[in-house]
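Trainee: I am new to this structure and would be grateful for a close look at a single part of it, the open sheet. Please describe how its strands are arranged and what lies around them.

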Amino acid sequence: MAPRANWKGFLRLSLVTCPVALYPATSDSEKVSFNQLNRKTGHRIKYAKVDADTGEEVDNEDIVKGYKVDTDTFIEVTKEELENVALESTRTIEIDEFVDRNEIDPRYLIRPYYLRPDGKVGHDAFAVIRETIREMNKVAIGRVVLTNREHIIALEPLDKGLMGTLLRYPYEVRSADEYFEDIQDVKVTKDMLDLAKHIVNQKSGHFEPDKFEDQYETALIDLINQKRAGKPITSKARPRGENVVDLMDALRKSIGREEAAATEMPRKAGKQPRKAAAGQKEMLMPIAGKKPAKETAAKKPAAKPQRKSA
């Protein structure tokens, strides 16, 4: 199924314009998710929109947005009034300026999107804008309206398309001063620094996302599969941090541990690494001892077990 665009409009650089579509570059749909249940009945919890004073449920068509002025006073704003806030960025990403990538503070980055031509026309104009940004080794800064909010978006070439990253406004970024001002000024000796550098060199590698595994997600899948199979759940000991008394000794022991781990790696080289968890799809694997689907389908399904009352 083709991905659905979050936004469609136009990308414009001065007088050069092309129709484009914006797609989310990331997804959480493969992560394990839970529903809230009534412990006594096993039924899902349903949330209703109710009037805070009368307690009566309110239909969606009767719900409007309101800005809180004080405790009991709100200014109502209708959907039509919001749509009348005619921002050019509602339908067009206008490139305002170009900046160096290293000038963008990482704290301002929110989330990435893919930008591509929309339809069969405009590919030439899109290519001109993309290759100009690539050749100049710059990041294009523009504005776009998503979910009724205008966002700053940074555009940079990615393969045949563009990657757009939403940026925060300055008022959304907290100053680090209030968090770091109480950190003590510590003199780090050359010997300590040399030992720490040695550990870094031992653990140095390349950024390869395919090697990453969401261990918590994997543990969740294992927990659910164990419960489906009726296996007992045992509690695991929580890791405890140790108080470092001798920092130099701790650094030396760390080097020894990393060296031991490095010699152990070749022994495990022939073993295929476990692939990253595939989210909920992995939980559809049959439980050990369970009969094949064809056999079970031929039999009449057993009655749904009744839950004991609490």
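Mentor: The following account goes through the sheet strand by strand and then turns to other parts of the chain.

The model is a predicted one, so confidence deserves a word before any detail, because predicted coordinates should not be read in detail where pLDDT is low. Over the protein chain the mean pLDDT is 82, and 82% of the residues reach 70 or more. Among the elements, strand β10 (residues 161–167) has the highest mean pLDDT, 97, while helix α7 (residues 293–298) has the lowest, 42. Two stretches fall below 50. One covers residues 276–280, which have 15 contacts in the model beyond near neighbours in sequence. The other covers residues 287–310, with eight such contacts.

The sheet itself is open and is formed by eight strands in the order β5-β1-β2-β7-β10-β9-β8-β6, with mixed pairing. Its edge strands are β5 and β6 (97–99), each of which pairs on one side only. From one strand to the next the twist averages 40°.

One may begin at the β5 edge. Strand β5 (residues 92–94) runs parallel to β1, and three bridges join the two. Within this pair, Glu 94 of β5 stands opposite Arg 12. On the other side, strand β1 (residues 7–13) is antiparallel to strand β2 (residues 16–24), to which seven bridges join it. Phe 10 has Pro 19 in β2 as its bridge partner. The hairpin of β1 and β2 has two residues between the strands, and Ser 14 takes a positive phi near 60° there.

The path then continues through the sheet. Strands β2 and β7 pair over five bridges in the antiparallel sense, and the bridge partner of Pro 24 is Tyr 113 in β7. Strand β7 in turn pairs with β10, again antiparallel and over five bridges. Here Leu 115 has Leu 162 of β10 as its bridge partner. Beyond β10, the order goes on with β9, β8 and β6.

A helix accompanies this sheet. Helix α2 (residues 123–136) packs on it, and the strands that α2 touches are β1, β2, β6, β7 (109–117), β8 (139–146), β9 (149–158) and β10. The direction of α2 makes about 80° with that of β2.

Outside the order just described there is another strand pair. Strand β3 (residues 65–70) and strand β4 (residues 73–77) are antiparallel and pair over five bridges. They form a hairpin with two residues between them, and in β4 the bridge partner of Tyr 67 is Ile 75.

Finally, a pair of helices may be considered. The axes of helix α4 (residues 190–202) and helix α6 (residues 247–264) come within 10 Å and cross at roughly 20°. Because angles under 35 degrees count as roughly parallel, α4 is roughly parallel to α6. Their crossing is left-handed. From α4, the contact is made by Asp 191, Met 192, Leu 195, Ala 196, His 198, Ile 199 and Gln 202. From α6, the residues are Leu 247, Met 248, Leu 251, Arg 252, Ser 254, Ile 255, Glu 258 and Glu 259. By class, the residues of this contact divide into eight nonpolar, three polar and four charged.

How values were computed: Residues are numbered from 1 along each chain as its sequence is written. This is a predicted model: local features need pLDDT of at least 70, side-chain atom pairs count only at pLDDT 80 or more; totals for chains, interfaces and linings use all residues. Side-chain values use heavy atoms; hydrogens and water are left out. Two strands pair if DSSP finds at least two bridges between them. Helices (H or I, at least four residues) and strands (E, at least two) are DSSP runs, numbered from the N terminus. pLDDT is the predictor's confidence in each residue, from 0 to 100. Contact means heavy atoms within 4.5 Å. Axes are lines fitted to C-alpha atoms, for helices over the stretch in contact, and angles run from 0 to 180 degrees between N-to-C directions. Angles under 35 degrees count as roughly parallel, over 145 as roughly antiparallel, 65 to 115 as roughly perpendicular and the rest as oblique. A crossing is left-handed if the near helix is turned anticlockwise from the far one by less than a right angle, and right-handed if clockwise. Ala, Val, Leu, Ile, Met, Phe, Trp, Tyr, Cys and Pro count as nonpolar, Asp, Glu, Lys and Arg as charged, and the others, Gly among them, as polar.
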